[in-house]
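Have the model open in your viewer and a selection box ready. We will begin with the chain as a whole and then go from stop to stop.

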Amino acid sequence: MRPDSGQVLHFSENPTIKRFVPHVAPTAHQAEAYVWAVDYHRAPDYWFPRQCPRAMAWVGATTTDDRARIIGLGCGDRVHAIEYGWLEEMRGTRLFAYRLPADRFRPFGTPEPYAHVAVGPVEPIGPPEPVTDLLRCHAEAGIQLRVLDNLWAFWDAVITSTASFSGIRLRNARPRPQS
């Protein structure tokens with residue numbers, strides 16, 4: 001599930017949203033109120049249950065010889081990792097993709113944008129579209145999905161590599177193993 005040209009997407013487990021109103025999320029690192037959305041390249045970051053912790057890495061412009069160590073040999077250009085404890089929820093969660101007009105949004109994040117934000121209310125272009133098989137979304141996009149006992153060793157390797165990366169809801173991951 002990806003946006004078409006001129007669109008961005010908002011993923012939600014709520015199929016009844018008629019209008020998106022800017023707000024400050026409880027976990028926000030900024031004080032401004034926004035409506036959040038993602039573009040074609042960042043849509044896969046949200047093919048998960050909302051609260052699911054995930055560590056993601058992909059080949060970026062600065063990725064060098066540690067690609068095989070992080071992404072894996074013959075595994076495409078992107079890898080997502082979750083913990084075993086989230087696999088059943090991943091299989092059973094039904095998401096909804098809301099298509100929103102891209103011209104209402106601006107890129108957000110540095111050094112590279114990781115989202116798009118709007119400062120005013122936004123209405124979806126049409127009804128939400130069900131996204132029912134999150135594993136299939138990954139498979140059809142050629143994104144490797146790793147299921148790990150604990151995310152922290154992988155995350156630590158990713159953030160010290162040359163791969164591009166993102167971690168979402170990591171506060172919901174299992175505790176770091178004691179050394």
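## The whole chain

Among contacts between residues at least 6 apart in sequence, 76% join residues that are at least 24 apart in the protein chain. Keep in mind on this tour that you are looking at a predicted model.

Show everything as a cartoon. The protein chain has 4 helices and 10 strands. Follow them from the N terminus and the order reads β-β-β-α-β-α-β-β-β-β-α-β-α-β. Orient the view along the principal axes, and the C-alpha atoms fill a box of roughly 45 × 35 × 30 Å. The radius of gyration is 16 Å, which agrees with the value near 16 Å for a compact globule because the chain has 179 residues.

Now switch on the surface. The protein chain exposes about 9700 Å², and carbon and sulfur atoms supply 53% of that area. Of the 179 residues, 44% are buried.

## The largest pocket

Select Thr 27, Trp 36, Tyr 46, Ile 168 and Arg 169: these lining residues lie nearest the centre of the largest pocket. The pocket has a volume of about 1200 Å³, and its lining counts 38 residues. Which strands supply at least two residues each to this lining? Colour β1 (7–12), β2 (35–37) and β10 (164–168) to see them. Colouring the lining by class gives 21 nonpolar, 9 polar and 8 charged residues.

Stay with Arg 169 for a moment. Arg 169 sits in the segment after β10. Check its backbone: phi is near 55°, a positive value in a residue other than glycine. Is Arg 169 buried or exposed? Its relative accessibility is 17%, so Arg 169 counts as buried, the cut-off being under 20%.

## The second largest pocket

Next comes the second largest pocket, with a volume of about 480 Å³. Its lining has 22 residues, and those closest to the centre are Arg 42, Trp 58, Glu 112, Ser 164 and Phe 165. Sorted by class, the lining holds 9 nonpolar, 7 polar and 6 charged residues.

Pick Trp 58 from that group and show its side chain. Trp 58 belongs to strand β3 and is buried, with a relative accessible area of 15%. Draw a distance from its C-alpha to that of Ala 163: the two are 5.8 Å apart in space, although their positions lie 105 residues apart in sequence. Then display the contacts of Trp 58, leaving aside neighbours within four places in sequence. Arg 42, Thr 63, Ile 71, Asp 77 and Arg 78 are among them, and so are Ala 163, Ser 164, Phe 165 and Ser 166.

## Asp 45, in a loop

Move to the loop between β2 and β3 (54–58) and select Asp 45. How much relative accessible area does Asp 45 have? The value is 1%, so Asp 45 is buried. Not counting residues up to four places away in sequence, Asp 45 touches Arg 54, Met 56, Arg 78, His 80, Ser 166 and Ile 168. Two of these names may be familiar: Arg 78 and Ser 166 are also in contact with Trp 58, and Ile 168 was among the residues nearest the centre of the largest pocket.

## Two more loops

Ala 102 is in the loop between β5 (95–101) and β6 (106–108). With 24% relative accessibility, Ala 102 counts as partly exposed. Beyond its neighbours within four places in sequence, Ala 102 is in contact with Gly 6, Gln 7 and Val 8. Add Pro 3 to the selection: its C-alpha is 9.5 Å from that of Ala 102, while the two residues are 99 apart along the chain.

Finish at Asn 150, in the loop between β9 (144–148) and α4 (152–159). At 13% relative accessibility, Asn 150 counts as buried. Which residues is Asn 150 in contact with, leaving aside its neighbours within four places in sequence? Select Glu 83, Arg 174, Pro 175 and Pro 177 to show them. One last distance to draw runs from Asn 150 to Gly 85: their C-alpha atoms are separated by 9.3 Å, and the residues are 65 apart along the chain.

Methods:
Residues are numbered from 1 along each chain as its sequence is written. This is a predicted model: local features need pLDDT of at least 70, side-chain atom pairs count only at pLDDT 80 or more; totals for chains, interfaces and linings use all residues. Side-chain values use heavy atoms; hydrogens and water are left out. On a 1 Å grid over the protein atoms alone, a cavity is a set of points where a 1.4 Å probe fits but cannot get out, and a pocket is an open set with protein on both sides within 12 Å along at least five of seven lines; lining residues have an atom within 4 Å of a point. Grid points are joined across faces, edges and corners, and a volume is the space filled by probe spheres set on the points. Ala, Val, Leu, Ile, Met, Phe, Trp, Tyr, Cys and Pro count as nonpolar, Asp, Glu, Lys and Arg as charged, and the others, Gly among them, as polar. The radius of gyration is taken over C-alpha atoms; the globule rule is 2.2 Å times the number of residues to the power 0.38. Buried means under 20% relative accessible area, exposed over 50%, partly exposed in between (1.4 Å probe, protein chains only). Contact means heavy atoms within 4.5 Å. Accessible areas come from the Shrake-Rupley method with a 1.4 Å probe; for residues, only the protein chains shown count as cover.
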